[in-house]
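Here are some exercises to work through with the model open in your viewer. Try each task before you read its solution.

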Amino acid sequence: MGARARQFYIIVFSFLTLLALSSAFQGKKQYKPCKSLILFFHDIIYNGKNAANATSAIVAAPEGANLTILAGQFHFGNIAVFDDPITLDNNLHSKPVGRAQGLYIYDTKNTFTAWLGFAFVLNSTDHQGTINFLGADPILAKSRDISIVGGTGDFFMHRGVATIMTDAFEGEVYFRLRLHIKFYECW
């Protein structure tokens, strides 16, 4: 092997070694959101007495259960659809900036857990479009994350994570969720 070839291999080897060392010391990459929002949605489940105020209803229940009371044993088997107001603060009577529309399915027999699929349909002066959410909600956890899988309008092709916190609840009729929405892909 000639001196030029040996020199070339030393340069390539040195470059690859530096490249490997630099990536080894970078650690885990920290992602920063390209856009962030905090919104609240308010759910009032129909209980047979509150039709004028209800924003959600049980549409499926285990055999023998009725559609105005959530099933026992962690509500397993209940499916509810909702069309809830979204506000910028935690006041149910604040002006809505949109609607949360979708469903939740109580899907576990031994703890309170739901599977969520819904969209925020926003129609305000600040935001126009939809944000689509999908995933599991371990309800008893103080905070939990759900995937943002897309959107339209101002949120076209956005993806990210929403951190959900139960902000308030009143028995099994009303609950309010706080969503910290963090987009990591913004088009």
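A cavity here is a set of grid points where a 1.4 Å probe fits but cannot get out, whereas a pocket is an open set. Keep in mind that this is a predicted model.

**Exercise 1. Find how many cavities of 30 Å³ or more the structure holds, and list what lines the largest cavity.**

Step 1: start with the count. One cavity of 30 Å³ or more turns up in the structure.

Step 2: get the volume. For the largest cavity that is about 50 Å³.

Step 3: read off the lining. Leu39, Leu88, Val97, Leu122, Ser124, Asp126 and His127 surround the largest cavity.

Step 4: sort that lining by class. The result is four nonpolar, two polar and one charged residues.

**Exercise 2. Describe the largest pocket: its volume, the residues nearest its centre, and the strands that supply its lining.**

Step 1: the space in the largest pocket is about 530 Å³.

Step 2: go to the lining, which has 24 residues. Nearest the centre of the largest pocket are Tyr106, Ile139, Phe169, Gly171 and Phe175.

Step 3: map the lining onto the strands. At least two lining residues come from each of β1 (35-44), β4 (98-106), β5 (114-123), β8 (159-170) and β9 (174-185). The largest share, three residues, is from β9.

Step 4: check the chemistry. The lining of the largest pocket splits into 17 nonpolar, three polar and four charged residues.

**Exercise 3. Work out the order of helix and strands, and see how the chain packs.**

Step 1: count the elements. The protein chain has one helix and nine strands.

Step 2: put them in order. Starting at the N terminus, you get α-β-β-β-β-β-β-β-β-β.

Step 3: look at burial. The chain has 187 residues, and 34% of them count as buried.

Step 4: turn to the contacts. Take those between residues at least 6 apart in sequence: 48% of them join residues at least 24 apart.

Step 5: finish with the surface. About 11,500 Å² is accessible, and carbon and sulfur atoms account for 60% of that.

**Exercise 4. Count the aromatic pairs, then pick apart the one formed by phenylalanine 41 and phenylalanine 82.**

Step 1: with ring centres within 6.5 Å as the cut-off, the count is eleven aromatic pairs.

Step 2: check the geometry of the chosen pair. Phenylalanine 41 and phenylalanine 82 sit 5.7 Å apart centre to centre, with 15 degrees between the planes. Planes under 30 degrees apart count as stacked, so this pair is stacked.

Step 3: place the partners. Phenylalanine 41 belongs to strand β1 and phenylalanine 82 to strand β3 (residues 79-87), so the pair links parts of the chain 41 residues apart.

Step 4: check burial, and both phenylalanine 41 and phenylalanine 82 turn out to be buried.

Step 5: widen the view. Phe41 and Phe82 are part of one aromatic cluster with Tyr104, Tyr106, Phe118, Phe120, Phe133 and Phe175.

**Exercise 5. Decide for phenylalanine 155 and for phenylalanine 76: buried or partly exposed?**

Step 1: locate both. Phenylalanine 155 is in the loop between β7 (143-151) and β8, and phenylalanine 76 is in the loop between β2 (56-60) and β3.

Step 2: apply the cut-off. Phenylalanine 155 is buried because its relative accessible area is 0%, under the 20% limit. Phenylalanine 76, at 31%, is partly exposed.

Step 3: see what surrounds phenylalanine 155. Beyond its neighbours within four places in sequence, its contacts include Lys35, Leu37, Leu122, His127 and Phe183. Another contact is Thr130, and the C-alpha atoms of phenylalanine 155 and threonine 130 are 6.6 Å apart.

How values were computed
Residues are numbered from 1 along each chain as its sequence is written. This is a predicted model: local features need pLDDT of at least 70, side-chain atom pairs count only at pLDDT 80 or more; totals for chains, interfaces and linings use all residues. Side-chain values use heavy atoms; hydrogens and water are left out. On a 1 Å grid over the protein atoms alone, a cavity is a set of points where a 1.4 Å probe fits but cannot get out, and a pocket is an open set with protein on both sides within 12 Å along at least five of seven lines; lining residues have an atom within 4 Å of a point. Grid points are joined across faces, edges and corners, and a volume is the space filled by probe spheres set on the points. Helices (H or I, at least four residues) and strands (E, at least two) are DSSP runs, numbered from the N terminus. Ala, Val, Leu, Ile, Met, Phe, Trp, Tyr, Cys and Pro count as nonpolar, Asp, Glu, Lys and Arg as charged, and the others, Gly among them, as polar. Buried means under 20% relative accessible area, exposed over 50%, partly exposed in between (1.4 Å probe, protein chains only). Contact means heavy atoms within 4.5 Å. Accessible areas come from the Shrake-Rupley method with a 1.4 Å probe; for residues, only the protein chains shown count as cover. Rings of Phe, Tyr and Trp (its six-membered ring) pair if their centres lie within 6.5 Å; planes under 30 degrees apart count as stacked, over 60 as edge-to-face and the rest as tilted.
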